[in-house]
Amino acid sequence: MDIRHYTVALDVDPNEKSINGHTEIDLNLSKATDILLFDFWHGLTISKILVNGKEQKFSHGNDDLIRINSSQQPGKVKVKIAYGGKPGVATRPPWTGGFQWDKDGKGNPWISITCQGEGAKIYFPCKDHPSDEPNEGADMIITVPKGLVATAPGILQKTTTKGDKTTFYWKTNYTISNYCILFNIGKYKMVKRMYTTIDGNKVPIEYYVTEENFDKAAKLLELYEQSCKILEKYFGEYPWAKEAIRASETPHLGMEHQTNIAYGNKYRYEKLGDKDFDWLLHHEFGHEWWANKVTNRDWAHMWIQEGICTFGDAMATRELAGEEAYQKRMQQTARSSSNRFPIVRGEQVDSDSAYHGDIYGKGAFFMHTLRYIMGDDKFFPTLKKLATDPQYTYDNTVVTADVEKLFSGAHGKSLEPLFQLFLYTTNKLEVHVRQTKDNEYAVKLLNLDMQIPLDVQTDAGIQRVMVDKKGVAVASKTQLVVDPKVFYLKKVIIE
Ligand SMILES: [Zn+2]
């Protein structure tokens with residue numbers, strides 16, 4: 001089953017905290033089948049299922065699976081599922097997701113959804129696996145009480161008002177992750193400015209803001225543009241330039257929803273250099289490249305999304321506060337790595353097990369290590385290639401081995417042992433140092449089968465030597481300090 005498109009049409013009732021409507025799924029079957037399966041939370045009630053226009057028998061159990069008994073030949077299939085009820089409420093959004101039925105400061109309904117961990121099946125029927133995005137995009141048709149605004153991915157096609165209800169028709173033509181196919185509702189005002197991308201395309205930056213924070217919107221747009229310039233410099237053009245750069249203010253902290261970032265950091269800016277900076281906006285926006293454009297095929301490789309996105313956060317530090325501030329940030333990251341679980345725990349883990357703290361910081365630090373080993377001239381273009389080459393982006397998904405092959409190819413030597421050590425184990429690089437003469441030390445690697453550069457501080461200053469398991473002799477009148485600027489997660493054994 002290859003999902004091509006979703007249409008999610010829902011009437012949202014803030015008083016009842018309920019939804020009612022249908023989802024239409026367009027898909028291609030590569031083989032004949034007697035049964036169609038979809039993921040869908042058992043707490044919502046299905047009233048009817050049509051397959052290619054014909055009503056079908058189905059079951060929908062506590063295992064959150066819809067089983068439709070329907071014989072189908074290979075080819076196109078259209079499934080329409082009508083349903084309604086009270087969706088699950090988020091207990092700790094955005095980390096533990098669901099619906100959030102909140103009110104803004106003026107008492108207006110303020111509704112958002114988060115489901116990165118839970119999946120979109122919590123509120124619409126779908127094939128809930130990162131490997132199968134709807135290649136032709138998604139339509140969202142959201143009906144709300146008049147006076148409220150619904151925002152969703154892509155471009156607003158039209159709004160219609162009938163009686164006391166308004167319907168918002170949103171459409172994205174881009175491939176999109178299930179957990180980004182969702183809406184926010186609020187008494188929003190919209191502010192916008194035009195942005196010219198690094199490739200010269202014009203795209204609006206829009207912010208849907210609650211009335212009470214309207215006066216803060218212009219500044220947020222400015223910071224949005226600042227972050228966009230930084231991210232485009234390192235990762236190439238904004239991925240959805242034919243649609244929009246957008247954020248909607250949400251009652252939770254934030255999430256990377258494609259073309260419609262959820263922003264809830266309450267305008268708490270920090271200073272990087274002499275510039276204001278919003279870390280949350282920048283991070284979630286970075287996911288437009290790392291998660292939304294470059295998508296891991298399986299949760300096991302989620303570090304590609306979170307780790308490289310976090311490296312993008314460090315690039316903001318580098319751009320706004322300088323290289324030294326970036327180095328400091330990375331040293332702090334190294335100290336905070338827990339090394340409790342490997343970053344890649346194998347393909348047979350669920351999303352919760354794959355998702356742990358080190359995929360962020362240690363993942364970002366791994367990029368820092370690669371940058372050091374390869375040098376800026378090779379590293380940065382290679383990273384940009386990962387974010388721009390068709391074979392890694394949009395319809396194509398990636399795993400860690402794809403990243404390794406790309407970087408090894410650019411490096412000219414295999415980096416596989418390095419990927420193995422830092423991503424598939426919790427071991428640190430072990431560097432052995434032994435004094436061999438009055439003014440000489442032997443330095444060798446104990447657990448990495450390749451040659452890497454290594455900074456050593458001697459009485460003459462910091463030198464860069466090439467080191468491997470055989471070892472190298474380094475002259476120094478003072479005790480050697482290995483890797484003083486911290487380019488590696490390491491353990492130094494001094495004999
Ligand atoms: Zn993130």
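**Exercise 1. The cavity**

By the rule used here, how many cavities of 30 Å³ or more does the count come to? Then describe the lining of the largest cavity.

*Solution.* Start with the ground rules. This is a predicted model, where local features need pLDDT of at least 70, side-chain atom pairs count only at pLDDT 80 or more, and totals for chains, interfaces and linings use all residues. Residues are numbered from 1 along each chain as its sequence is written, and side-chain values use heavy atoms, with hydrogens and water left out.

Step 1: define the term. A cavity is a set of points, on a 1 Å grid over the protein atoms alone, where a 1.4 Å probe fits but cannot get out; lining residues have an atom within 4 Å of a point. Grid points are joined across faces, edges and corners, and the volume is the space filled by probe spheres set on the points.

Step 2: count. The result is one cavity of 30 Å³ or more. The largest cavity has a volume of about 30 Å³.

Step 3: list the lining. Lys362, Phe365, Phe366, Thr369, Phe422 and Leu489 line the largest cavity. Helix H6 (residues 361-374) gives the most, with four residues. Helices (H or I, at least four residues) and strands (E, at least two) are DSSP runs, numbered from the N terminus.

**Exercise 2. The zinc site**

Which residues coordinate the zinc ion?

*Solution.* Step 1: find the donors (N, O and S atoms within 2.8 Å of the metal, or 3.2 Å for Na, K and Ca; water is not among the atoms, so sites may look incomplete). They come from His283 (NE2), His287 (NE2) and Glu306 (OE), at 2.1 Å.

Step 2: read the spacing. Along the chain, the donors follow H-x3-H-x18-E. His287 lies in the loop between helix H2 (279-286) and strand S23 (295-296), and Glu306 in helix H3 (residues 303-321), so the pair ties together parts that are 19 residues apart in sequence.

Step 3: check exposure. Buried means under 20% relative accessible area, exposed over 50%, and partly exposed in between (1.4 Å probe, protein chains only). Both His287 and Glu306 are buried.

**Exercise 3. Two loop residues**

Is Ser476 buried or exposed? What about Asp438?

*Solution.* Step 1: place them. Ser476 is in the loop between strand S29 (472-475) and strand S30 (481-482). Asp438 is in the loop between strand S25 (429-437) and strand S26 (440-445).

Step 2: compare the values with the cut-offs. Ser476 has 2% relative accessibility, so Ser476 counts as buried. Asp438 is exposed, with a relative accessible area of 71%.

Step 3: look for contacts (heavy atoms within 4.5 Å). Leaving aside neighbours within four places in sequence, Ser476 touches several residues, including Asp438 and Asp459.

Methods: 1 Å grid on protein atoms, 1.4 Å probe; cavity = no way out; pocket = protein on both sides within 12 Å on 5 of 7 lines; lining within 4 Å.
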